[in-house]
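Me: I should be grateful for a close look at one buried part of this model, followed by an account of what surrounds it. Please connect the local details into one description.

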Amino acid sequence: MTVAYQLQSAGTHLSRTRIERRPLGPRDVQLDLKYCGICHSDLVAASDKLGGGMFPMVPGHEMVGLVSEVGTEVSGVSIGDAMGVGCIADSCRVCSSCESGDEHYCETGFTLSFNSKDRDGRANHGGYASDYVVDYDYLVPIPEGADLARMAPLLCGGITVYTPLKRFGVGPGTTLCVLGVGGLGHLAIQFASAMGARVLVASRSQAKRADAKRLGAELALDPDSDDVQAWLGQCDLILDTISNPHDLNQWFPLLRRGGKLCLLGVPTDQLSVFPALIVFGDRSLEGSLIGGIADTREMMQFAHTNGVAAEIELITPDEIEAAWHRLHDGDVQYRFVIDLEHLKDG
Ligand SMILES: [Zn+2]
Ligand SMILES: [Zn+2]
């Protein structure tokens, strides 16, 4: 039996319980989980603000563990290998999105690693747990020597920022502006700097601006100051990681002709855009959602090679709820990670 932290219904407390994973199929791998990151979307799912929540729910989709069992048809995976699982636990594999490596846009709907049903219709419970069972095609190898706890948040937060950096060709000669220095923003700064881009950051917090520079940003601006004027027309891409309602119109003028503002945060309120800011500058508003399995594997390797890792606060499982409250208030440096090592003994 799996030890897990579960909510009985939307908005209730997490309680320690035992759940049953699906029996190990021929293509399945069991992971003995070591760490799980806490993503803002865990809170959204637990509150069921967007509807469709499946309860009882065990959240968690940034999990890292060691392979403890492999099915009969699994190849290339050995007991003891360090592996991660992000948001995607399965997909149809045959639609055009799956075939092109974009499982997260699977046309028949992909299986989330929690708050979802597996392809056989059983409830899929997430990574706030002692172990996990997943098809081996959806594993993300964690490079040898990597700090497992600091790599866990890359499985959702990391790939969320890596995908648009890759898609829009960020590298030497490009200038990127990151809005918001939080779970996503602090990773975007690191990845983009490692890719050779010039990174500009906007944050109202002086402490976060200092952190942004330490993480590789060339310049960190207070969005309310006049310093922003010097950057008009200078940026190729703006990554907007802010999940609260905010004014986009302030930022389009920073883009040069053809520049793009890409939303990564998902505010649940309407955002308004003054059309002239887009039309006259040949600019565009984009959105990007996590990334496919192949890109997630590539991102993990890139991160390890280039020393990119999440800045974390490691917590015990009984501190999850307190961490959720702090995360809700934006009080985290910069990602909570749950230490699951002794979950079974406790
Ligand atoms: Zn997430
Ligand atoms: Zn598909």
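Reply: Two residues are taken to be in contact if their C-beta atoms, placed from the backbone, lie within 7 Å. The model is predicted, and the part chosen here is helix α5, residues 185-194.

Helix α5 is mostly covered, with 8 of its 10 residues buried. The buried residues are Gly185, His186, Leu187, Ala188, Ile189, Gln190, Phe191 and Ala192. They pack against two helices, α4 (157-167) and α6 (206-214), and against the strands β12 (175-179), β13 and β15 (235-240). Just after α5, glycine 196 adopts a positive phi of about 95 degrees.

The three strands that receive α5 lead to the sheet. Six strands form an open sheet with parallel pairing, in the order β14-β13-β12-β15-β16-β17. Strands of a sheet pair through backbone hydrogen bonds, either parallel or antiparallel. At the edges stand β14 (219-221) and β17 (284-287), each of which pairs on one side only. From one strand to the next, the twist averages 20 degrees. Strand β13, residues 198-202, is joined to β14 by 3 bridges, and the two run parallel. Within this pairing, alanine 202 has leucine 221 of β14 as its bridge partner.

At the other edge of the sheet, the approach to β17 has a backbone feature of its own. Aspartate 282 is placed in the loop between α7 (275-279) and β17. Its phi is positive, about 55 degrees, although aspartate 282 is not a glycine. Most residues other than glycine have a negative phi, and most peptide bonds are trans. Aspartate 282 counts as exposed because 11 other C-beta atoms lie within 10 Å of its own.

The wider setting is a chain divided into domain 1 (2-156 + 309-339) and domain 2 (158-287). The C-alpha centres of the two domains lie 28 Å apart. Their contact takes 12 residues from domain 1 and 9 residues from domain 2. On the side of domain 1 that touches domain 2, the residues comprise 6 nonpolar, 3 polar and 3 charged.

A second helix, α9 (residues 320-328), can be set beside α5. Buried in α9 are Ile320, Ala323 and Leu327. These three residues cover an arc of only 60 degrees around the axis, and therefore lie on the same side of α9. The face turned away from that buried side carries the exposed residues Glu321, Ala322, His325 and His328. The packing partners of the buried α9 residues are β1 (2-7), β2 (14-19), α1 (40-47), β18 (312-315) and β19 (335-339). Just after α9, glycine 330 takes a positive phi of about 75 degrees, as glycine 196 does, at about 95 degrees, just after α5. In the loop between α9 and β19 lies tyrosine 334, which is joined to glutamine 333 by a cis peptide bond with omega of about -20 degrees.

Helix α1, one of the partners of α9, contains serine 41. Serine 41 has 19 other C-beta atoms within 10 Å and is therefore partly exposed. The loop between α1 and β4 holds proline 56, and a cis peptide bond with omega of about -5 degrees links phenylalanine 55 to proline 56.

Strand β4 (residues 63-70) runs antiparallel to β5 (residues 82-85), and 4 bridges join them. Leucine 66 stands opposite alanine 82 in β5. Strand β5 also pairs with β11 (residues 140-141) in the antiparallel sense, over 2 bridges, and the partner of glycine 84 in β11 is valine 140.

Two loop residues complete the account. Asparagine 115, in the loop between β7 (111-112) and β8, has a positive phi near 55 degrees. Asparagine 115 is buried because 24 other C-beta atoms lie within 10 Å. Arginine 119 lies in the loop between β8 (116-117) and β9 (123-124) and counts as partly exposed, having 16 C-beta neighbours inside 10 Å. Leaving aside residues up to four places away in sequence, arginine 119 touches Asp90 and Thr111. The C-alpha atoms of arginine 119 and aspartate 90 are separated by 7.6 Å, although the two are 29 residues apart along the chain.

Notes: Residues numbered from 1 in each chain as written. Chains lettered and ligands numbered in written order. Predicted model: local features only at pLDDT ≥ 70, side-chain atom pairs only at ≥ 80, totals over all residues. Domains from an automatic or database assignment. Nonpolar A, V, L, I, M, F, W, Y, C, P; charged D, E, K, R; others polar. Buried ≥ 20, exposed ≤ 12 C-beta atoms within 10 Å, placed from the backbone. Arc of directions from axis to C-beta. Pairing = 2+ DSSP bridges. Axes fitted to C-alpha atoms, helices over the stretch in contact; angles between N-to-C directions.
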